[in-house]
Amino acid sequence: RYRVKKCASDTKPENLNEEFFNSDYDTVLPKDAGTYAVLITSEVTSEAGRVSYGKTIKVFTIAPCPVKIEWSGAVDFTYDGTDHRSNITATAKTENGAVNVKISFSYKAHGATTFTPVTEVKNAGTYTATAEISNHNYTISSNDTTTFTIEQKALTVTAEDKTVTYGDSASYTATYNGLLDCDKGKLGTPNFTCNYNEVGTYSITVDGLENSNYAITYVNGTLTVNERTVTLDWGTANSFIYDGNAHTLKPDAKNVVIGDDLGLAITVTGENISGSSAINVGTYTATASITNKNYVLAESSKTATFTITARALTITANDHEIIYGSAPATNGYTISGMIEGETPETANIGGTVKLTTNYTQYGNVGKYDIIVDISGLSAPNYSFTAKNGKLTVNKKELTVTAKKHEITYGEEPSANG
């Protein structure tokens, strides 16, 4: 007969007595691993038929069955945003079939130095999977852990090409090739660098993103800065009266960045150009050009026309007086309106002024028009207006003298005409 009771692994038989087996004992020999104390009672019958009993206390151990773990799915792969715990299994097989194995995981991120227990196999890094068997009848003899890596996913961040007009600011954006939908918004804000100061092409650099699940490669973009279009407002003052000075137009430039110098120049051409200056009467074209390469003139406002019109001269007949009976006569004319410093000769006034009057000799005294005829006059920069003068015919003064006459004393007085 047996009384079997579980005991500590360091139990010695000599330290036990029968009282130890008075409770919590079993009469069937155990199968499970562990250390047991057993009270063996033996019954002996002698030849005389007498029965005697012998009792012995023993301690024995049933060692757990050693098993080797076989891993499946614990291989290196690339981050894809999903939890891979279900893909990783550990199997412990015995002659009696498979034994349930529990797996726990610890994780070390890229660049880290220590492992941390985790409940999911998802992020990029190095993992250690540890197998545990809760059935104390078995013990893992080898291969209780395995290590695998989730590699970072390749991500290319490309600064998008942009086009901007000189003087305007650019809004920069990037494309993400390789980014999973589940990670959108989890990289931080990209930092763009691009400084331009004139028309041309510039490199747009992008950086500043962080996510340990990705191996990020940055690709620069290109900023193209185009010329800024300038329009010219030529105004409405496009007609001048000849004054001997050079004239041009002075347009107002629109859409210019504050502080910029266009290097604006105006060239004048026309039918009566004097050198490069518009001085004489005529129609002229003002053409604008700029030297600042960051700007371009709008074709519709590159040129404008203006005119210099003739200056009006007044030809005035000088007033004149004659005595009745004199032949009709005039006293010349006066020119007014000519610019200072010019003379009829330097102004190239050609032709003749004709002065006439409707007074005839021995006509009545009085005032008569001195008529100015300018039809024969011409000048490149002047027009002419006639202003009549006045011819005054005054009375002629007569002297009446009595003729001498003689009479005799005593005669009646008489005259002789």
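This report describes the overall form of a predicted model of one protein chain, then its aromatic pairs and a set of individual residues.

**Overall form**

The chain has zero helices and 33 strands. Its radius of gyration is 65 Å, whereas the globule rule gives 22 Å for 417 residues, so the chain is more spread out than a compact globule. The C-alpha trace extends over about 255 × 45 × 30 Å along the principal axes.

Of the 417 residues, 29% are buried. The area that the chain exposes comes to about 25,900 Å², and 46% of this is supplied by carbon and sulfur atoms. Among contacts with a separation of 6 or more, 58% are between residues 24 or more positions apart. The chain carries 33 positive and 45 negative charges, and the mean positions of these two sets are 7 Å apart.

**Aromatic pairs**

The count of aromatic pairs comes to 14. One of them is formed by Y36 and F60, whose rings are stacked, with 5.6 Å from centre to centre and 25° between the planes. This pair links distant parts of the chain, since Y36 belongs to strand β2 (residues 34–45) and F60 to strand β3 (residues 51–62), 24 residues apart. Y36 is buried, at a relative accessible area of 7%. F60, at 27%, is partly exposed.

Y79 and Y214 also form an aromatic pair, here with edge-to-face geometry: the centres are 5.6 Å apart and the planes make an angle of 75°. Because Y79 lies in the loop between β5 (77–78) and β6 (89–94) while Y214 is in strand β18 (residues 214–219), the pair ties together parts that are 135 residues apart in sequence. Both Y79 and Y214 are buried.

Ring pairs also join F77, Y107, Y127 and F148 into a cluster.

**Residues in loops**

L16 is located in the loop between β1 (2–6) and β2. With a relative accessible area of 17%, L16 counts as buried because the value is under 20%. Apart from neighbours within four places in sequence, L16 is in contact with T11, A37, I57 and V59. For one of these partners, A37, the C-alpha atom is 8.5 Å from that of L16, with the two positions 21 residues apart in sequence numbering.

N195 is found in the loop between β16 (191–193) and β17 (200–207). Its relative accessibility of 68% places N195 among the exposed residues, because the value is over 50%. N195 and L223 are 28 residues apart along the chain, and their C-alpha atoms are separated by 9.5 Å.

Two further loop residues have a positive phi. N255, although not a glycine, has a phi of about 75°, and N255 lies in the loop between β22 (252–254) and β23 (265–270). Y362 likewise is not a glycine and has a positive phi of about 75°; the place of Y362 is in the loop between β30 (354–357) and β31 (366–373). N255 is partly exposed at 41% relative accessibility, whereas Y362 is exposed at 55%.

**A strand residue**

T175 lies in strand β15 (residues 174–177). T175 is partly exposed, with a relative accessible area of 36%. Leaving aside neighbours within four places in sequence, T175 is in contact with T156, V157, T158 and E160. The C-alpha atoms of T175 and Y214 are separated by 15 Å, and these residues are 39 positions apart along the chain. Y214 is also the partner of Y79 in the edge-to-face pair.

**Accessibility of selected residues**

The table collects accessibility values for residues discussed above.

| Residue | Relative accessible area | Class |
|---|---|---|
| Y36 | 7% | buried |
| L16 | 17% | buried |
| F60 | 27% | partly exposed |
| T175 | 36% | partly exposed |
| N255 | 41% | partly exposed |
| Y362 | 55% | exposed |
| N195 | 68% | exposed |

Conventions. Residues numbered from 1 in each chain as written. Predicted model: local features only at pLDDT ≥ 70, side-chain atom pairs only at ≥ 80, totals over all residues. Heavy atoms only, no water. Helix = DSSP H or I, 4+ residues; strand = E, 2+ residues; numbered from the N terminus. Rg over C-alpha atoms; globule rule 2.2 N^0.38 Å. Buried < 20%, exposed > 50% of the residue type's maximum accessible area, 1.4 Å probe, protein only. Contact = heavy atoms within 4.5 Å. Areas by Shrake-Rupley, 256 points an atom, 1.4 Å probe, with all protein chains shown as cover. Lys, Arg positive; Asp, Glu negative; His and termini not counted. Charge placed at Lys NZ, Arg CZ, Asp CG, Glu CD. Phe/Tyr/Trp six-rings, centres within 6.5 Å; stacked < 30°, edge-to-face > 60°.
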